[in-house]
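Trainee: I have a structure to look through today, and I'd like to go over it with you. Can I ask my questions as they come up?

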Amino acid sequence: MVGGAVIVAGFGFTSTATADSLRAALDAAIAATGLTPTHAATAADKAAALGVLNLPVIAVTNLPADTPTQSPASLAARVTGSVAEAAALAAAGPGARLAAPRVISSDRRATCAIAIRDCP
């Protein structure tokens, strides 16, 4: 929690994504929102890959199906429109909102969305 808010970067990525892919997606999401996340999140089976970001990692086991953006690949593989958006929202907790829609790394192997939840 930073300044009364939980800020989580959610990630979706292909099996060919590299550390540079993940960092590029994170940097683009930070640039788009002006927010610096305190945690990273993704689907539980891929969570270990986020260790390269030097943020605490939240492994999400139940990704929400409804997300603002809809990727056919995410829908087919994970039954959610965007793994990045779903992971960010789920990890940030009840009442969280996306700061902006997901962004895509320049190599198109990773996506990142930042969710924020205000804390009393």
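Trainee: To start with one residue, is D45 buried or exposed?

Mentor: D45 counts as exposed, because its relative accessibility is 59%, and the cut-offs are under 20% relative accessible area for buried, over 50% for exposed and partly exposed in between, with a 1.4 Å probe and protein chains only. Before we go on, keep in mind that this is a predicted model, where local features need pLDDT of at least 70 and side-chain atom pairs count only at pLDDT 80 or more, while totals for chains, interfaces and linings use all residues. Residues are numbered from 1 along each chain as its sequence is written, and side-chain values use heavy atoms, with hydrogens and water left out.

Trainee: Okay, and which residue does D45 form a salt bridge with?

Mentor: The partner of D45 is R78, and the closest N and O atoms of this salt bridge are 2.8 Å apart. D45 lies in the loop between β2 and β3 and R78 in helix α2, so the pair ties together parts that are 33 residues apart in sequence. R78 counts as partly exposed, at 27% relative accessibility. The term salt bridge is used here for a side-chain nitrogen of Lys or Arg within 4 Å of a carboxyl oxygen of Asp or Glu.

Trainee: How many salt bridges are there by that rule?

Mentor: The count comes to three salt bridges. One of them joins the side chains of D20 and R23, at 3.6 Å from N to O, and these two residues are three apart in helix α1, which means that about one helical turn separates them. D20 counts as exposed at 57% relative accessibility, whereas R23 counts as partly exposed at 36%.

Trainee: What about R97, which residue does that one bridge to?

Mentor: R97 forms a salt bridge with D118, where the closest N and O atoms are 3.5 Å apart. This pair links distant parts of the chain, since R97 is in strand β4 and D118 is in strand β6, 21 residues apart.

Trainee: Let me step back to the fold. How many helices and strands are there in the protein?

Mentor: The protein has three helices and six strands, and from the N terminus on the elements run β-α-β-β-α-α-β-β-β. The radius of gyration of the protein is 13 Å, close to the 14 Å that the globule rule gives for 120 residues, so the protein is as compact as a globular protein of that length. Here the radius is taken over C-alpha atoms, and the globule rule is 2.2 Å times the number of residues to the power 0.38. As for helices and strands, both are DSSP runs numbered from the N terminus, with H or I and at least four residues for a helix, and E and at least two for a strand.

Trainee: How many of the residues of helix α3 are buried?

Mentor: Helix α3, residues 83-92, is mostly covered, as eight of its 10 residues are buried. Among them are V83, E85 and A92. What covers the buried residues of α3 includes β1 (5-13), β2, β3 (57-60), α2 (72-78), β4 (97-98) and β6 (110-118). After α3 comes G93, with a positive phi near 100 degrees.

Trainee: And L26, where does that one lie?

Mentor: L26 lies in helix α1, and L26 is buried, with a relative accessible area of 9%. If you leave out residues up to four places away in sequence, L26 touches A9, F11, P37, L53, L55 and C112, where contact means heavy atoms within 4.5 Å.

Trainee: Last one, what joins the side chains of T38 and H39?

Mentor: A polar contact of 2.9 Å joins them. The term stands for a pair of N or O atoms within 3.5 Å; within protein, one must be able to donate a hydrogen and the other to accept it, and residues adjacent in sequence count only if both atoms are side-chain atoms. T38 is found in the loop between α1 (19-33) and β2 (39-43), and T38 is buried, with a relative accessible area of 17%.
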